[in-house]
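Hi,

Here is the structure I promised to pass on. Have a look, and then read my notes underneath.

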Amino acid sequence: MMRLAIGGLVHETVTFLPAETTLEAFERRAVRGQAIAAAYAGSNTVYGGFLKVCQEHDVTVEGLLCAECAPSGPVAGSAFQALADEIVSRATLWRDDADGLLLHLHGAMASRADPDPERTLLLRLREALGENFPIAVAMDLHGNVGADKARLADIVCGFRRSPHTDMAETGERAARLLLRKLAGEIKPVMAMARPGLVLPSIFTATDISPLREIMAEVHAAAEQPGILDVTLFTGFAYADVPEIGATVLAMADGDTALAIRTVERLSARLVAAREALYNAAPLYNPNDALDKAAALLAEGVRPVVLLEHADRGNDSTHLLEAMVERGVGRTAVPYLHDPIVARAAANAGVGSQLMTALGGKSSELAGAPILFTGIVKFAGPLRYRITGPYRTGEEIDLGPAAVIDNGDIAVIVTTQSITAVDTDPFSQCGLDINEFDIIALRSKTHFRAAYEPIAGAILIVETPDWGPADLFGLPYRNVPPGIYPITMAPPDDGTVEGLDDGV
Ligand SMILES: [Zn+2]
C-alpha cells in the first residue's frame, strides 16, 4: 500500500510590517499527525485536496505538521527554525515508510535573515530525504517563486484562481501528479519563465480583464497534449525580496522543450499586457469613495462595498475615520483587529457603552487610533467553521470579539487578526447583512466570491498603507533590476529557464 506524508508551512509575509510573526501565531492553527485528517478532510483547502486524492487511491497518510497563520510581518527566525526543525524531523522519521511527500507552501514567506525560508526548508528536506525522494508542492498564486526554490521539488502546482476557491483542486492536482509519477506513468520536467513584473494584490483578481483572458490561456495551455500542469504565479508585491515577481511554471511529461515553449508564450503575453494589468480597476481616495457611495445609494444601488485593500494589518483607520466624520449610510465594518478593544468590549458585555481608541495600532501607516464611542451589541468568543466559498469548512478561532455600534457604524472587533472575506462575520455576530448600506472590507480579491453576487457596487479605496496599488511609495531595498513597475522595465521576452536537462 502506498504511503504519503503530508505537511505544510504557509505564510504570506509583508516584509514592511514592523512586528515579527511569532511561533505563537503559527501554533494557534498548527495541526500535527493524525489530527491533520480530522481538521482538513472535506474542506476547500490544499490539505483537503491532498486528503481527498489519498482517500480515493487508498493511500495511507502520515501527517507531519501543518502550520499557518494570517498574512503579517516578517517571520521570526526562531519561529521558522522551530517549525522547519519539526517538519524535517517528522519527515525523517517517516522517510523509510513513506513513498513521497505532499507539501503546502505559500511561496511568499520571508524572515529578516532569510529572504526565502521556503527554499531553505526544501533544501533541508532534500538533505534529510535524499535527492530522489518524490516531493510535490502546492503553492499560492501570490508566491514569489524563483528557480532555486521550484527545482527542489519534483512537482509544483499553484492556485489558478483569486479568490482562491481552487485550493482543494490545487492540492488534488499536485497529489494526482505525484501518484502518477510514483506509478511510473509520467516523468515530470519543469520550466519557468519570469516575465519581470509583479502585480499588486488588488489587481490579481482572476475574473477581471486582462488577467481573466490570460488565465484562460493558462488553463488551455495546461490541457495541451504532453503538458502535465501550468501555473501563473502573479507574485507578491509586499515582500521586499530578491525573488519578487511573477512566474509562469509548466510541467511536461519528459519534454523540457515543450515546457519551455509553453512558459515562453505565456510570459510574453504577460509582458505585453503589463500596463493593462496594472490599471485593471479604478481607485478612489476615501472621500471620493464616500462621495461615489452616496451617489450610488441615492440611486438605490446597495449595498456598496468599500475596499480598504492596502490595509495589511486588518486594523487601518483611514477609511473608518472618514466614515465617522461623515456618515453616508448604515455601515458595517466586519473584522477590525484590535485585541485591546476586543477584550475590553467582550468583558464589558452586551449593552455596555464604551469609548474606545479603535484600530490603527499595527504600524505607523495604519492611521491613528480613532475615537469611537458606541454600544456593545455582541460579545463573545468567535469560533466556527467557514461557510463561505473560500476555505469552506476550515475551522477558525478569533478569540474574544465584540460588535461596537455607534448607531451609524457597527464595527466587529477581533482579538485575532483575520481579513473578512465572506458573510460569516454577520451571521456569527447576530447582524443582518441586509440592514447595511455600506460594507467596509479589507480584502484584496477573496471577498469577490461571496460579495460579487450580493454587492450593488464595489469601490476600491487606495490609502497610504503597506499594501497599496501604487508601489512607488514603498521602501524597497532588495528588488533586482527589471521588475516592472518597481525597478526598470524588463527585457521584452523576460527570462526563460528549463529546470531539467530533459529525460
Ligand atoms: Zn494568495
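Below is what I found, going from the overall fold to the core.

A quick caveat: this is a predicted model, where local features need pLDDT of at least 70, side-chain atom pairs count only at pLDDT 80 or more, and totals for chains, interfaces and linings use all residues. Residues are numbered from 1 along each chain as its sequence is written.

The protein has 15 helices and 19 strands (DSSP runs, H or I of at least four residues and E of at least two, numbered from the N terminus). Its C-alpha trace spans about 70 × 50 × 40 Å along the principal axes.

It splits into domain 1 (3-278 + 493-498) and domain 2 (286-461), with bounds from an automatic or database domain assignment. Their centres, taken over C-alpha atoms, sit 31 Å apart. Across the boundary, 23 residues of domain 1 are in contact with 20 of domain 2 (contact: C-beta atoms, placed from the backbone, within 7 Å).

Now the largest nonpolar core (buried Ala, Val, Leu, Ile, Met, Phe, Trp, Tyr and Cys joined through C-beta atoms within 7 Å; buried means 20 or more other C-beta atoms within 10 Å, exposed 12 or fewer, partly exposed in between). It holds 165 residues, and Ala 136, Val 137 and Leu 306 touch the most other members. Helix α7 (residues 167-182) gives the largest share, seven residues. Each domain supplies at least three residues. Leaving aside neighbours within four places in sequence, Ala 136 is in contact with residues including Leu 102, Ile 155 and Leu 178.

Cheers

Technical notes
Contact = placed C-beta atoms within 7 Å.
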